[in-house]
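Here are my notes on the model. Please keep the structure open while you read.

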Amino acid sequence: MSASVPRLVIAAPSSGSGKTTVATGLMAAFAARGLAVSPHKVGPDYIDPGYHALATGRVGRNLDAYLCGPELVGPLFLHGARGCDIAVVEGVMGLYDGAAGEGELASTAHVAKLLGAPVVLVVDASSQSRSVAALVHGFASWDPEVRVGGVILNKVASDRHEELLREALEQAGVPVLGVLRRAPQVDTPSRHLGLVPVAERRTAAVEAVAAMAAQVSDGCDLGALEALARAAGAVPGGSAPWTPASPAHHPTRSDEELTPPSGPAPSDKQRAPVVAVAGGSAFTFSYAEHTELLTAAGAEVVTFDPLRDEELPEGTAGLVIGGGFPEVYASELSANEPLRKAVAELAGSGAPVAAECAGLLYLCRELDGLPMCGVLDASARMSERLTLGYRDAVAVGDSVLAAAGTRMRGHEFHRTVVEPGSGPEPAWGVRTPRPRVEGFVQRGVHASYLHTHWASEPGVARRFVERCRTS
């Protein structure tokens, strides 16, 4: 695949400006024109990529310069964009907002520079007219390495309002590539952690994406946007696409840390251990690269739904339970007693189990007073307090995922509390924002609040699959 894939980054001055509506609608509008569209999202967001997938028919992928390191942003982008005609990257927060205390790291501007991609700025114009020129000029001139190639005005009230905005922006020297009127029909419902995932409202989500596409098609100059994307040139640095079969080592980790446990050559029967991955409406948070890495490491990955399936997939040798909203489905998860017992029996056998955030809650003794799997001697409950942010972590001891001392970066995002917060053998020592230990390691179980991106540590998936073969 050519490293000069046409691409755009959709950014905004702040959250709530309409990035998701514009990015998703633009993806769908390009797809309707017969283009193969590669969808991407800056940062650790799991929900927006679900809407992107609906718009394009391709897996939505994340580009996170904090979790994976800046050096992997280009390769992961090219991996996701294989075979595509154009790529659309939705930004995160405001254009220049990155990891707290880390300057531009992981900001939309940072990722745009790493990709050499032009930026389209989505501006909520609902409460301004001439001032929009000062706002756009400031964002366009703040960092000369960031190319703001155009602006899309959102929530414009009337033809007269549009006329005033266009007159003002002529002085800023940034072309207007679209004007969108207020349209409540494209709104998507939210709750305590953001938008409601696609898996929970598929029919309504399909309708919302179609409405976004119609609004963008009617209000934007798709030809000019495509031309801007095609002018992007090659991805800087001569990046080659990332591949799960032979992923690049992270430069801050040693080969010894990344090497999976050694042992005798597996028999034919052992060469494809079944790794069950939780899915369905309660467990929607996962990165596509995790499944790809598990498969490349030799596993047969089978998805199951803890809300409906009363048994684990046949032959399950390992279990991965990612993030999601188990608190929303606590009653249904608790009512599925056969599966809860199956999970407890698998964990009790010493089989590898990797659980992140929602998975951690599911393995607890109870969640909001309702029985869960009881693998961990801990209880979980909803909280009013939002815990949010990137984390710098180190493995406290050996586990099915990492050797002691392995450094990884993660992201924490939840409104729940687990008591106690760690077991006799914690999963991670977290260095940010304050030193602490968290999570649980017991026999083959690794359970933690931290969401991690395994592409940053190829040894994680290889180690996990090897333990599935030998446990």
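Which residues are buried in helix 4?

1. Start with the ground rules. This is a predicted model, where local features need pLDDT of at least 70, side-chain atom pairs count only at pLDDT 80 or more, and totals for chains, interfaces and linings use all residues. Residues are numbered from 1 along each chain as its sequence is written, and side-chain values use heavy atoms, with hydrogens and water left out.

2. Now the answer. Thr 108, Ala 109, His 110, Val 111, Ala 112, Lys 113 and Leu 115 are buried in helix 4. Buried means under 20% relative accessible area, exposed over 50%, and partly exposed in between (1.4 Å probe, protein chains only). Helices (H or I, at least four residues) and strands (E, at least two) are DSSP runs, numbered from the N terminus. Helix 4 spans residues 108–115, and 7 of its 8 residues are buried, so it is largely enclosed by the rest of the structure.

3. What do these buried residues pack against? They meet strand 1, strand 2, strand 3, helix 3, strand 4 and strand 5. Contact means heavy atoms within 4.5 Å. Just after helix 4, Gly 116 has a positive phi of about 60 degrees.

4. Next, the sheet. It is open, has 7 strands in the order 3-2-4-1-5-6-7, and pairs them in parallel. Two strands pair if DSSP finds at least two bridges between them. Strand 3 (61–63) and strand 7 (176–181) stand at the edges with a single partner strand each, so one side of each has no neighbour in the sheet.

5. Look at one edge. Strand 2 and strand 3 run parallel and are joined by 3 bridges. His 40 stands opposite Arg 61 in strand 3.

6. Helix 3 (residues 73–80) lies across strand 1, strand 2, strand 3 and strand 4, at about 160 degrees to strand 3. Axes are lines fitted to C-alpha atoms, for helices over the stretch in contact, and angles run from 0 to 180 degrees between N-to-C directions.

7. Finally, the rings. There are 7 aromatic pairs. In one, the ring centres of Tyr 46 and Phe 285 are 4.9 Å apart and the planes are at 5 degrees, so the pair is stacked. Rings of Phe, Tyr and Trp (its six-membered ring) pair if their centres lie within 6.5 Å; planes under 30 degrees apart count as stacked, over 60 as edge-to-face and the rest as tilted. This pair ties together parts that are 239 residues apart in sequence. Tyr 46, Phe 285, Tyr 287 and Phe 325 form one aromatic cluster.
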